[in-house]
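Colleague: I should like to learn how to read a protein surface that faces DNA. May we work through an example together?

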There are 2 protein chains.
Amino acid sequence: MRRRRNGGRPTIADVAKRAGVSSITVSRALRDPERVSPQLRQQIEEAVRALDYVPDQHARALASARTDVVGVIIPSLTNNVFADVLRGIYDGLAQTSHQVQLGNSRYSPIEEERLLATFLSQRPAALIVAGIDQTARSRELLENAGCPVVQIMELDEGPVDMMVGFSHRAAGHLVTSHLVEAGYRRIGFLGARMDPRTQRRLEGYRAALMEAGLYDPDRVTATPTPSSVTLGRDLLRDLLARMPDTDAVFCINDDLALGALFECQSAALAVPDTIGIAGFNDLEMMAAAWPALTSVRTPRYEIGSRAVQMARAAIAGRRPAERVVDVGVELQVRASTMRRGSAQVPSQKAPVRAI
Amino acid sequence: MRRRRNGGRPTIADVAKRAGVSSITVSRALRDPERVSPQLRQQIEEAVRALDYVPDQHARALASARTDVVGVIIPSLTNNVFADVLRGIYDGLAQTSHQVQLGNSRYSPIEEERLLATFLSQRPAALIVAGIDQTARSRELLENAGCPVVQIMELDEGPVDMMVGFSHRAAGHLVTSHLVEAGYRRIGFLGARMDPRTQRRLEGYRAALMEAGLYDPDRVTATPTPSSVTLGRDLLRDLLARMPDTDAVFCINDDLALGALFECQSAALAVPDTIGIAGFNDLEMMAAAWPALTSVRTPRYEIGSRAVQMARAAIAGRRPAERVVDVGVELQVRASTMRRGSAQVPSQKAPVRAI
DNA sequence: AGCCGATTTGATAGCGCTAACATTTTTCGA
DNA sequence: TCGAAAAATGTTAGCGCTATCAAATCGGCT
């Protein structure tokens, strides 16, 4: 008596025998029910239920050189932004037969390249990767991936395949313009990590201030250090030490903005009157802060679910017509940039959309 | 000419031919180098390098009924706590041949059970699951998993296999006792989500106040709603409306604590003098807040990396002697609970360890 | 030298599934 | 009613790897 290696689980042959058909018919009934007569289909379904049959992913992958795995490569696991994106991805894939293979590149293009190579060796059904700043080799790997590829978080003319995101440059421009319109004139910049997306927000900031004739490079405070609330405090303190007349700051993300707020509180600087503060991403806490903090709402969950949606369509052979999707952003103006006596006080009810 | 299904990638047979050995020897050289003579081993390594050979995971899984996949089931992707744990897990597995299969149970035991069944059908090398409150069927699945199982986040007498975490009850007791010692007498509780771990922190709170003769069930404010900073504000507002003389709150997590702080700021209640605030987890922002917020440091990253470490040891057949590891917690006393004129002001340099 | 056990290497036979082609059955227009 | 095309089902042959057992080689000891 041969011992089964798989621990006694029923195989497709068991189902076939019980349903009185050949195993290939079972395979078809499972994979492509349309191609099997209703009669047999029902018998097979019954047998599957009776035996509690679960197909073996590995055998399928080996035989068909295809898998149901969607590879996802993001630069950080702890960044709330990517957590939301991930949630969108997982939710989008929850009721399907797809599984997620998650890779953390830790903001390293080299690590990203390594992960990409590993993932591709497993012939994924699709790939979702963050950003557009892959190494040349990564780009090459993606182009020859042989599966749908969705780049997320950003917007660009030349996607490898598909793309969902928004323009960080435009978003940076949007916030900064708002600060100008709110009456601030000596607007600083607080940046951390300074990954490519952050750089583009800085570009938007710079452009907006140039247009307004208010740009002063000395007000840009940026560090490669990973972002944190504490860092937000430190950066604002530094900036104010160097440029004490700074009357507003655009913070590259909400953690820095929260840190800036705490720093103002500890230094007894009135927000928004002495200093205006704007963040980026509009995490949930921004609306709850006191004063509530202005930010830019980025549709992170939506990016994840749209990416999955596009990937699934492409897997099914129905590549979407629009290969680059701009999900846009919305400026959420709150108390932290509503200066007393400022002429322009946008309504909180009417968020401004970028692009 | 037969076309290869795998897209021209070299197989173990190609490596074998090039190295002048049989394929089984290559297999052994890769899996268990000790069992192959140094001579052949070197030839094989060279061939692997020359051909850029990467083993096919699926073929291996099919042939050996084993995989390198570590299944991880957590209740939330967006909760910072689990993000840190995950990072520990990914880092611990980064330089190995293991891969992570991540499942999000969304705090639903039923969903957890479903995920467990799916994961097990793929014969993982090990499983890491959050919590100890599995359904009976889940528990049964875990007990017959046929692979190492590590339960994380909590502590319990009866682990399925191995366990890494800390006592939430003891931690809740620790913070609450601190509030008592700091001179607070009408100490409220703010809770959200109220999953099993949260419940146990509440138990600790209750026990500590009972011991001090200060327990008042009316000061417990808990809701099944998922936690958020805004919710922290709302809960504190509710509590103060009902029990205006409340002089401190233990918040089930740092988001609620931050919300409580903002609520106090907006209502012009002095922290820590009028109201003391303590949180849980000690996220990075707690130290940066103004005033800095007292919290309990939970070693989340460490839980992830220890879990991986134990799982790997067990996979290698060296099950650790200690099957239940208590990573402990540390009370971080900060300004938010340092009442002016209070006799007892613990030094920030000497955190208190629970258990 | 000769023998035994240990070590190293190889041949064979699948693991559970599906691609590719073969065969049978059904459908339907002329 | 017949025949050709379409639809449904089956047969065969692997996918790339490893478990299992068999064979060859080696070292040490009498």
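**Reading the surface near DNA strand C**

Modeller: We begin with one contact in this predicted model. A phosphate oxygen of DNA strand C has a backbone N or O atom of Asp56(A) 3.3 Å away.

Colleague: Which atom of DNA strand C is 2.7 Å from an N or O atom in the side chain of Ser37(B)?

Modeller: That atom is a phosphate oxygen; here the protein contributes a side-chain atom of Ser37(B). For Ala59(A), a polar backbone atom lies 3.4 Å from a base nitrogen of the strand.

Colleague: Which elements give two or more residues to the surface near DNA strand C?

Modeller: In chain A they are helix H2 (23–31) and helix H4 (57–64), and in chain B helix H2 (23–31) and helix H4 (57–64). With four residues, H4(A) gives the most.

Colleague: Which residues come nearest to the strand?

Modeller: There are 27 residues around DNA strand C, and the nearest are Ile12(A), Ser27(A), Tyr53(A), Thr25(B) and Ser37(B). Of the strand's atoms that come within 4 Å of the protein, 69% belong to sugar and phosphate.

Colleague: How do the residues of this surface divide into nonpolar, polar and charged?

Modeller: The surface near DNA strand C has 12 nonpolar, seven polar and eight charged residues.

Colleague: Finally, into which domains is chain A divided?

Modeller: The assignment gives domain 1 (12–55), domain 2 (69–166 + 301–326) and domain 3 (168–297 + 331–353). Taken over C-alpha atoms, the centres of domain 1 and domain 3 of chain A are 61 Å apart.

Technical notes. Residues are numbered from 1 along each chain as its sequence is written. Chains are lettered from A and ligands numbered from 1 in the order in which they are written. This is a predicted model: local features need pLDDT of at least 70, side-chain atom pairs count only at pLDDT 80 or more; totals for chains, interfaces and linings use all residues. Side-chain values use heavy atoms; hydrogens and water are left out. A residue is near a molecule or strand if one of its heavy atoms lies within 4 Å of it. A polar contact is a pair of N or O atoms within 3.5 Å; within protein, one must be able to donate a hydrogen and the other to accept it, and residues adjacent in sequence count only if both atoms are side-chain atoms. Ala, Val, Leu, Ile, Met, Phe, Trp, Tyr, Cys and Pro count as nonpolar, Asp, Glu, Lys and Arg as charged, and the others, Gly among them, as polar. Domain bounds come from an automatic or database domain assignment.
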